[in-house]
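Here are a few exercises to work through at your own pace. Have your viewer ready, and try each task before you read its solution.

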Amino acid sequence: MSLIKINKYLIKYLKWTMPLFLVLVIYVQYCDSQNIPLENNIIPGFLGEISSWIIISDFLILPVVIISMLISKELRESFFFGLAKVSEQDERETMIIGESSRKTLVSSMAILLLLFFVTNFTFSIKHLPTEQQTDGNTKRMQLGFKFDLFDTSSKTETLKDGSIVSYQGVPLSKSGLMLLLMTWQLGAFWYISRKQLAKR
Amino acid sequence: MTKIRPQLKIKNRIITLRTERKLTQEKLAESIGVTRATINALEGGDYNPSLELAFRLARYFEVDLEFLFEVEGQK
């Protein structure tokens, strides 16, 4: 059985189990926020056992599917085209998809650029203490640009709680992630279009 | 900056030839290997086919390419 066939079955399994997974995640988050102890509140008995196994299997299958999508172009296209409900049945649809992709790339880049700017832009107006007030100025306005590539805040909290091994997500800051996305989008588009141009 | 030439306005006789042969858009699309929406777009002048598709259509209708397609304004 090929990688693509296996992953198509795994994706179908995820499609069926994802609603339960999401409901349980939301429920746990809710209990957490309301400080409700979970021990006696999660689905009891046999149903509870089944749900636990479904959640574990989802956690194991998701990285397999995600990594397979990185490797397989066919799987990537069939998944995302299916999600966006687009098909490429003839030359006209291929052309339409090409145009749509171009416009999507450009608009995504514009939004990412805006988000990058507003994430790093700092602005404040504050009252000056009496000893710093000169020439009748009682307030100070500050404009700035603050960029951190990495997010170190979660790492510090992990060390404090005594964990031996802990993974708290990608260590890049929001700005770092946006910069990575913009670089990836532009770089990938440049590389793929050069390759296509060289072919023809 | 890349200069993009204005596209030629190309007319076609697809709808005339199709109706003469009493074919539906669906049937023609299936025979040519495209979607019904593409045939509709071709007949409405909303889409210019590739050279390959143009030849396929001409062969299907058993007519010359220049008879099937013509540039607007040219006799």
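What follows is a short set of tasks on helices and salt bridges, each with a worked solution.

This is a predicted model, in which local features need pLDDT of at least 70, side-chain atom pairs count only at pLDDT 80 or more, and totals for chains, interfaces and linings use all residues. Residues are numbered from 1 along each chain as its sequence is written, chains are lettered from A and ligands numbered from 1 in the order in which they are written, and side-chain values use heavy atoms, leaving out hydrogens and water.

**Exercise 1.** Check the span of helix α6 (residues 174–199) of chain A against 1.5 Å a residue.

*Solution.* Helices (H or I, at least four residues) and strands (E, at least two) are DSSP runs, numbered from the N terminus. The expected span is 1.5 Å times one less than the number of residues. For the 26 residues of α6(A) this should give 38 Å, and the end C-alpha atoms are 37 Å apart, which agrees.

**Exercise 2.** Describe how α1 (residues 3–33) and α3 (residues 73–84) of chain A pack.

*Solution.* Start with the axes, which are lines fitted to C-alpha atoms over the stretch in contact, with angles from 0 to 180 degrees between N-to-C directions. They come within 10 Å and cross at roughly 30°. That makes α1(A) roughly parallel to α3(A), a label for angles under 35 degrees. Finally, list the contact (heavy atoms within 4.5 Å): A:Ile4, A:Asn7, A:Lys8 and A:Ile11 of α1(A) meet A:Glu74, A:Leu75, A:Ser78 and A:Phe79 of α3(A).

**Exercise 3.** Which parts of chain B does the salt bridge between B:Glu70 and B:Lys11 tie together?

*Solution.* A salt bridge is a side-chain nitrogen of Lys or Arg within 4 Å of a carboxyl oxygen of Asp or Glu. In this pair the closest N and O atoms are 3.7 Å apart. B:Glu70 lies in strand β2 (residues 69–71) and B:Lys11 in strand β1 (residues 10–12), so the pair ties together parts that are 59 residues apart in sequence.

For accessibility, buried means under 20% relative accessible area, exposed over 50%, and partly exposed in between (1.4 Å probe, protein chains only). B:Glu70, at 27%, is partly exposed, and B:Lys11, at 38%, is partly exposed too.

**Exercise 4.** Where do B:Glu52 and B:Arg56 lie?

*Solution.* Both belong to helix α4 (residues 51–61) of chain B, four residues apart, about one turn of the helix. Their side chains form a salt bridge at 3.5 Å, N to O. B:Glu52 is exposed at 54%, whereas B:Arg56 is partly exposed at 31%.

Key:
Parallel < 35°, antiparallel > 145°, perpendicular 65-115°, else oblique.
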